[in-house]
Amino acid sequence: MIRKSNLSNALQMIEGHLKFLDRNTGLTTNNKTQHFVFNPDYVLANNRHFIAETQWEAQPDSDSTTEGQSLAILGAIYAYQATKEPKYLDLAKKYFCGYHLAFYRGVPFPDPPDGTLRCNWIANGKEPVLANYPLDPEYPTHGGFKGVLFNWSNGRTQIPHGEPLWGEYLDAVWFAFPERASLGWNQVNATVYMWDAEGSTDWKNKAPTFEVDWIVDRTGRKVDSNGDVLEAGLTSQIGTVQLKDTSINGMYRFNYATRNPVEHGGYLLGRNERWHNRPVHSPIDNYGDLDFADNASDAELWFCQASKLLWDITGDRQYWLAWQNSLITCIGYSDIDKYDQFFRKSTAAITPFTDGISYDYFYPSDQVATYSRDEQGFIVINQDATAQTTLEQQSIWFKFNNASNFYVEYGGVDTTGSALSLAVALTVNKTKTEDGAVKYRCGLPITITDGSITAMNVPMNHFTRISKPDGGQYLTADLRMVSDYGSNTVTKLQYEYGIAGKYYDNVISSTMDSDGGMVVGFYIFDNEKQDVVSFTYRSYSDNFNFRISDDNNWRWWAMLPATNGEWVTKNFVLSDFKLNSYQPDHPLVIDPEDGAEIQPDLIPVQPTLTGREEFTLLLDDDPVDGVSGRIDWYCINDLPELYDDGGTGDYSVLLNLTFNDSTGNGYTARLGDCTIKQYMLDSLAYTPGLIPFSNITDPYAQLYSGWRGLPYPGYQLPAIWCFKGTAIDETRLRNSINFLCDAQNWFTNKFKPTLPGPCAQAFVWNRQDALAYLPDGEEPDTFIMQHWYAEAWSGYEPRAFFAGCDVVHELYQRRDYAIPQNIITYCQNWMNYLKWFMKNNDGHAPTYFKDTGEVLYDGFTGHMSGLWLAGASMMAIAGYPDHELLDLLFTEIQNNYDVITPNHVMNGCWSPAIRSGNETTEQNNSMYFGFYTGELLRGLALYMKYYNLYI
């Protein structure tokens with residue numbers, strides 16, 4: 001009987017909560033006196049209650065998020081599934097419309113789906129509010145005052161009021177830093193670097209920063225760095241800033257933001273307008289055609305699922321389009337390395353070293369380049385004298401194979417207008433280390449002398465080894481080897497296709513007359529003396545001579561027959577070489593007896609082809625055309641070994657890009673995007689399939705940021721890879737399931753709880769942007785309990801539980817795929833743990849998961865209880881019920897359901913804090929977080945759905 005009673009109570013709580021939402025739907029014009037959950041467009045507020053006045057204290061008060069909105073859609077959908085009442089489906093549709101309106105701006109979904117339409121994770125769900133000032137003209141997150149010089153006394157200054165610094169509107173602050181220092185990128189929270197003696201940024205020398213202790217904000221309140229209001233009414237002191245370091249005196253730079261009224265240049269953020277709330281509070285849709293929208297990874301997964309469920313129920317194409325577009329986005333999220341770059345074109349960056357760990361060096365070492373960016377974002381390299389400039393990247397580790405491509409954009413000329421060369425060397429290995437690695441190179445065309453950019457897409461199997469397996473080097477064409485002579489000799493580096501039938505590389509091409517030639521030396525190689533074995537070349541109508549000198553400076557020559565433009569490899573034997581008739585180091589003398597010319601030195605019988613330092617190329621006779629003959633050559637001795645991944649792929653361990661001039665002059669070079677395309681998707685553990693924390697895009701480059709953060713078990717939703725009615729993406733499904741199971745096993749092995757259940761909170765990939773989060777003494781590819789170096793949000797634990805239960809439920813519904821035993825065990829472990837915990841904690845489910853492994857109850861938390869109940873109910877539907885656990889979970893939710901007094905505005909919710917005053921109107925400031933709604937509706941509805949099916 002209790003279960004039937006619970007069914008009735010569950011429905012009453014759902015109905016009561018919808019009445020609460022109806023009472024708390026309204027138009028906010030003053031967020032201090034009007035507190036609503038939904039606005040009239042069904043856009044869900046993150047918080048019903050008022051939070052804070054300024055950005056210095058907390059995140060903006062009027063946030064609405066895709067997280068809460070997508071969960072609200074799901075909650076209403078499951079309520080419809082449980083009751084078959086059309087009103088719940090209507091609510092789901094309204095919440096979907098609110099999501100589409102606020103986070104997609106109402107823009108129609110692409111048809112056919114292509115993933116180009118992205119929603120933004122956050123918008124203004126309440127009344128119009130002022131943005132932080134000043135806005136940046138190029139990037140929404142780059143606003144605020146940056147590097148403004150102020151005079152400090154004992155760590156204190158007051159920002160002047162009025163134009164241009166507007167201290168009277170002070171809203172947010174970051175840090176102070178030395179006068180002779182610059183931000184590493186154009187953002188208020190950027191890393192700071194010192195200047196060198198000439199006033200240029202020294203990218204190798206980080207500057208100190210000085211934290212703020214308290215400010216007097218635009219309302220006259222003294223607010224400390226914890227967000228606590230220490231004093232109010234200090235109107236004459238507005239704009240005052242006190243640093244924690246009271247020894248700071250003199251001129252220091254400072255980063256801050258104000259909230260200027262519109263009449264003083266401010267921007268009013270409209271209702272439902274998309275915005276960013278960190279590091280500055282700013283609009284994202286006032287940049288013309290540039291789209292700065294980005295969603296939270298977990299919310300994108302939930303919206304994908306919600307859209308799929310609405311499509312299943314209604315057959316309405318708009319939901320199918322939403323689902324498919326979102327699924328394309330999720331697949332993009334799961335391709336972790338997709339938008340990495342060795343080096344990148346960027347209009348936002350100042351430094352050339354944006355990705356991974358990259359740096360430069362020069363030859364000669366004291367000929368240091370200076371850097372800037374042009375209007376298109378290309379890295380500009382300026383050398384005021386002849387030099388080699390090498391940019392090196394050591395921590396962008398693509399996994400690639402023969403089908404992958406190396407992509408680079410480059411250009412530039414020297415001070416005479418002559419072209420530059422760019423040499424590429426890529427160190428590859430089967431692991432992400434240099435031990436046992438092999439270095440490869442590829443040829444590239446020289447730059448275009450009109451200054452335009454060359455973009456090259458080089459297949460990886462066109463790369464060639466630099467060194468032989470025995471340690472010797474391949475002697476391929478390099479202009480640095482050549483010294484030509486003759487007034488009519490023209491020698492150049494030239495990119496050629498199909499050399500010897502299979503190479504795509506640089507060759508030396510030279511035209512000369514009978515007075516000209518070229519000397520080719522081996523001095524650029526590790527061994528400056530080389531054996532002469534073969535020569536790969538092509539000539540046209542003319543024969544050429546290949547000339548060497550032996551140890552006694554006797555000159556020998558071998559014929560290189562005309563090849564009529566075909567590439568050939570001439571294999572030398574001793575008999576190919578003949579003594580030159582002209583021997584400048586062994587001149588003839590007059591025989592005193594008969595007056596004849598004789599050779600006084602012992603004439604050698606054969607040449608020496610080993611240990612040669614150089615050779616000379618010259619025409620055998622006068623040019624056939626009477627003007628000049630042409631020869632192109634590729635290499636001496638062995639043809640280089642082409643790259644072959646052997647079927648298993650390799651990692652890019654180290655990349656060198658070296659610019660060089662050919663005339664002995666300074667130059668200006670340009671470098672844009674440099675990356676590997678068509679890379680392999682399994683470069684990291686559990687990939688493809690995992691969704692990382694960050695998926696931030698740069699519309700100027702149409703790319704995701706290279707920083708992706710860590711994958712969290714609580715951020716995954718494996719069910720999207722196996723939706724009923726679709727082909728299963730078995731690789732992504734398997735990886736995401738294994739990730740959850742391994743996270744649980746890690747927690748169990750590390751902390752040894754009474755029963756297995758809880759999970760690790762994150763995983764540190766062996767990837768450059770993740771390694772900073774690796775605990776001391778740990779190796780990469782390990783689980784951890786922290787996010788951002790601090791204890792992780794406990795809400796990710798029930799989300800990790802639900803993710804497992806959800807995929808079991810989805811596979812059960814398909815009935816065409818064996819549910820993997822490891823994910824069933826994972827969910828049952830969790831359920832057994834929850835039941836044990838609740839029975840030993842007065843019927844309370846866990847709410848606090850410490851990074852030490854300790855698990856506690858620290859007060860009812862509605863969204864977590866909704867997830868526990870939803871997961872256990874899904875497992876019950878899939879054939880794995882635990883009725884005792886279901887009753888425990890349901891009872892706790894029921895016991896914390898708020899029914900306060902008749903007509904109380906908060907009746908029908910699960911409030912973290914009921915506050916007094918104006919109890920029957922929206923002026924009551926009791927707490928409620930909007931995202932609780934979807935989690936609790938889903939949990940109660942799935943509970944009802946199970947018992948409706950089986951009672």
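These legends walk through several close-up views of one predicted protein model.

This is a predicted model, so to speak: local features need pLDDT of at least 70, side-chain atom pairs count only at pLDDT 80 or more, and totals for chains, interfaces and linings use all residues. Residues are numbered from 1 along each chain as its sequence is written, and side-chain values use heavy atoms, with hydrogens and water left out.

**Figure 1. The whole chain, before we zoom in.** The protein chain has eleven helices and 51 strands; these are DSSP runs numbered from the N terminus, with helices being H or I of at least four residues and strands E of at least two. Taken along the principal axes, its C-alpha atoms fill a box of roughly 140 × 70 × 50 Å. Of the 951 residues, 59% are buried, where buried means under 20% relative accessible area, exposed means over 50%, and partly exposed is in between (1.4 Å probe, protein chains only). The chain exposes about 37200 Å², and carbon and sulfur atoms supply 48% of that; the areas come from the Shrake-Rupley method with a 1.4 Å probe, and for residues only the protein chains shown count as cover. Take the contacts (heavy atoms within 4.5 Å) between residues at least 6 apart in sequence: 72% of them join residues at least 24 apart.

**Figure 2. The largest nonpolar core and its best-connected members.** A nonpolar core here is a set of buried Ala, Val, Leu, Ile, Met, Phe, Trp, Tyr and Cys residues joined through side-chain atoms within 4.5 Å. The largest one has 148 residues, and those touching the most other members are Ile73, Ile823, Tyr826, Trp830, Trp868 and Leu940. Helix α11 (residues 931–950) gives the most to this core, chipping in eleven residues. A second, separate core has 38 residues, including Leu391, Leu655, Tyr667 and Ile676.

**Figure 3. Up close with Tyr826.** Set aside residues up to four places away in sequence, and Tyr826 touches Leu740, Cys741, Gln744, Cys759, Ala800, Phe801 and Gly804.

**Figure 4. Helix α7 and the residue that follows.** Helix α7 covers residues 796–814, and its 19 residues should span 27 Å at 1.5 Å a residue; the expected span is 1.5 Å times one less than the number of residues. The end C-alpha atoms of α7 are indeed 27 Å apart, which agrees. Since 17 of its 19 residues are buried, α7 is largely enclosed by the rest of the structure. Right after α7 comes Arg815, with a positive phi near 60°.

**Figure 5. Helix α9, mostly covered.** The 16 residues of α9 (residues 862–877) should span 22 Å at 1.5 Å a residue, and its end C-alpha atoms sit 22 Å apart, in agreement. As for cover, 16 of its 16 residues are buried. Just after α9, Gly879 takes a positive phi of about 105°.

**Figure 6. Two cis peptide bonds, each leading into a proline.** Most residues other than glycine have a negative phi, and most peptide bonds are trans. One cis bond joins Asp111 and Pro112, with omega about 10°, and Pro112 is in the loop between α3 (86–103) and β2 (122–124). Another cis bond joins Tyr363 and Pro364, with omega about 0°. Look for Pro364 in the loop between β18 (358–363) and β19 (370–373).

**Figure 7. Positive phi at Lys84 and Arg105.** Lys84 is not a glycine, yet its phi is positive, near 60°. Lys84 lies in the loop between α2 (66–83) and α3, and it is exposed, with a relative accessible area of 57%. Arg105 also has a positive phi near 60° and is found in the loop between α3 and β2. With a relative accessible area of 45%, Arg105 is partly exposed.

**Figure 8. Trp166, a buried loop residue.** Trp166 lies in the loop between β5 (156–158) and β6 (170–178), and it is buried, with a relative accessible area of 8%. Leaving aside neighbours within four places in sequence, Trp166 is in contact with Tyr133, Phe145, Pro160, Thr258, Asn260 and His264. Ala257 is 91 residues away along the chain, but the C-alpha atoms of Trp166 and Ala257 are separated by 9.2 Å.
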